[in-house]
Amino acid sequence: MNSLLRNLLLIMWLPFFAATSEAQTQESVETYKFDIGAGLGMSGYLGDANESSLFANPGMALNASFRYLMNTRWALRGMLTAASLSGSTADMENVLPEGRVYDFKSWVYDLGGRVEFNFFNYGIGESYKHLTRVSPYLTLGLGVTMSSGSGDSYVAMSLPMSVGVKYKVRPRVNLSLEFCMTKVFGDHVDSGELSDLYQIKSSFLKNTDWYSTLMLSVSYEFGKRCVTCHRID
């Protein structure tokens, strides 16, 4: 009788033990302070040779990134981006001086830093934080852009602004899809020949170029975060 009672009690408590073990496994997922990643996608250009259609002449874009993961919402990211750009004034409604038509092809290289904000607490495990494996995010930063085309090179400050969504495939592996618009504080992204076509010495809209990227990226986390020292590191 006692043996039967013990067996019944054991059977009754098995679901509880299983749930507790699962919860402990979930809570024990390690977290990390850094991640490194790379991305590939397409690029677009807005400027003197294209004033309306963002991806009228799509090019190739790629990047490499390094993040410091401050917490589940905020991160600091260093980014190196390269993108091919091209455009033509042939299909523009505006008639340029002497009816000339300009075409260009160039590469831009952007190096800068960004602040990244997740809309949700992003991660796996630590259920008391209500973590989610999917989160949209925004970034804003500052960089330096170098453009190279037609044998000339130019350097200017840039302002990247992006929106994206990320998905945690595994505790240390992330996928993200991101659209970024970068404002370049200069008019030479599309080559010096297209600089200041409208003879406007200073204009926020006319004498600056923009380029965009739509990229799919993968990143890998490393640098285990301390879990026993009772502080955020």
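**Stop 1: Arg67 and Glu116**

Select Arg67 and Glu116 in this predicted model. Their side chains meet in a salt bridge, with N and O 3.2 Å apart. Now colour the strands: Arg67 sits in strand β2 and Glu116 in strand β4, so this pair ties together parts of the chain that are 49 residues apart in sequence. Are these two residues buried or exposed? Both Arg67 and Glu116 are buried. For Glu116 the relative accessibility is 1%.

**Stop 2: Arg77, on the other bridge to Glu116**

Keep Glu116 on screen and add Arg77. These two form a salt bridge as well, and the closest N and O atoms are 3.2 Å apart. Arg77 belongs to strand β3 while Glu116 belongs to strand β4, so the bridge ties together parts 39 residues apart in sequence. Arg77 has a relative accessibility of 6% and counts as buried, because buried means under 20%.

**Stop 3: Glu221 and Lys168**

Next, jump to Glu221 and Lys168. Their side chains meet in a salt bridge too, at 2.6 Å from N to O. Which strands does this pair link? Glu221 is in strand β8 (residues 209-224) and Lys168 is in strand β6, and the two residues are 53 apart, so the bridge links distant parts of the chain. Glu221 is buried, and Lys168 is buried as well.

Now widen the selection to Asp35, Arg67, Arg77, Arg114, Glu116, Lys166 and Glu178. Salt bridges that share partners join these residues into one network. The structure holds eight salt bridges, if you feel like hunting for the others.

**Stop 4: Ser162**

From the network, pick Glu178 again and add Ser162. A polar contact of 3.5 Å joins their side chains. You'll find Ser162 in strand β6, which covers residues 152-170. With 6% relative accessibility, Ser162 counts as buried.

What does Ser162 touch, leaving aside residues up to four places away in sequence? Show its surroundings and look for Arg77, Arg114, Tyr137, Leu138, Thr139, Glu178, Phe179 and Cys180. You have already met Arg77 as a partner of Glu116, and Arg114 as a member of the salt-bridge network.

**Stop 5: Lys166 over two rings**

Lys166 belongs to that network, and here is another reason to select it. Show it together with Tyr122 and Tyr137. Lys166 lies over the face of Tyr122, at 5.2 Å from the ring centre. The charged end of Lys166 also sits over the ring of Tyr137, 4.7 Å from its centre. Tyr137 is one of the residues that Ser162 touches.

**Stop 6: The aromatic pairs**

Time to show every Phe, Tyr and Trp. How many aromatic pairs does the structure hold? There are seven. A pair of rings is described by the distance of the centres and the angle of the planes.

Start with Phe34 and Tyr68. The ring centres are 5.9 Å apart and the planes stand at 40°, so this pair is tilted. Phe34 lies in strand β1 (residues 32-46) and Tyr68 in strand β2 (residues 59-69), so the pair ties together parts 34 residues apart in sequence. Phe34 is partly exposed, with a relative accessible area of 24%, and Tyr68 counts as partly exposed at 29% relative accessibility.

Move on to Trp74 and Phe117. Here the centres are 4.8 Å apart and the planes are at 50°, so this pair is tilted. Trp74 is in strand β3 (residues 74-88) and Phe117 in strand β4 (residues 103-118), which puts the two 43 residues apart. Trp74 counts as partly exposed at 37% relative accessibility, and Phe117 counts as partly exposed at 24%.

Before leaving the rings, select Phe34, Phe66, Tyr68 and Phe222 together. These four form one aromatic cluster.

**Stop 7: Zoom out**

Finally, switch to a cartoon view of the whole chain. You should find one helix and eight strands. From the N terminus on, the order is α-β-β-β-β-β-β-β-β. Among contacts between residues at least 6 apart in sequence, 65% join residues at least 24 apart.

Then try a surface view. Of the 233 residues, 39% count as buried. The chain exposes about 13300 Å², and carbon and sulfur atoms supply 65% of that area.

Technical notes. Residues numbered from 1 in each chain as written. Predicted model: local features only at pLDDT ≥ 70, side-chain atom pairs only at ≥ 80, totals over all residues. Heavy atoms only, no water. Phe/Tyr/Trp six-rings, centres within 6.5 Å; stacked < 30°, edge-to-face > 60°. Helix = DSSP H or I, 4+ residues; strand = E, 2+ residues; numbered from the N terminus. Buried < 20%, exposed > 50% of the residue type's maximum accessible area, 1.4 Å probe, protein only. Lys NZ or Arg CZ within 6 Å of the ring centre and 35° of its normal. Polar contact = N/O pair within 3.5 Å; in protein donor to acceptor, adjacent residues only side chain to side chain. Contact = heavy atoms within 4.5 Å. Salt bridge = Lys/Arg side-chain N within 4 Å of Asp/Glu carboxyl O. Areas by Shrake-Rupley, 256 points an atom, 1.4 Å probe, with all protein chains shown as cover.
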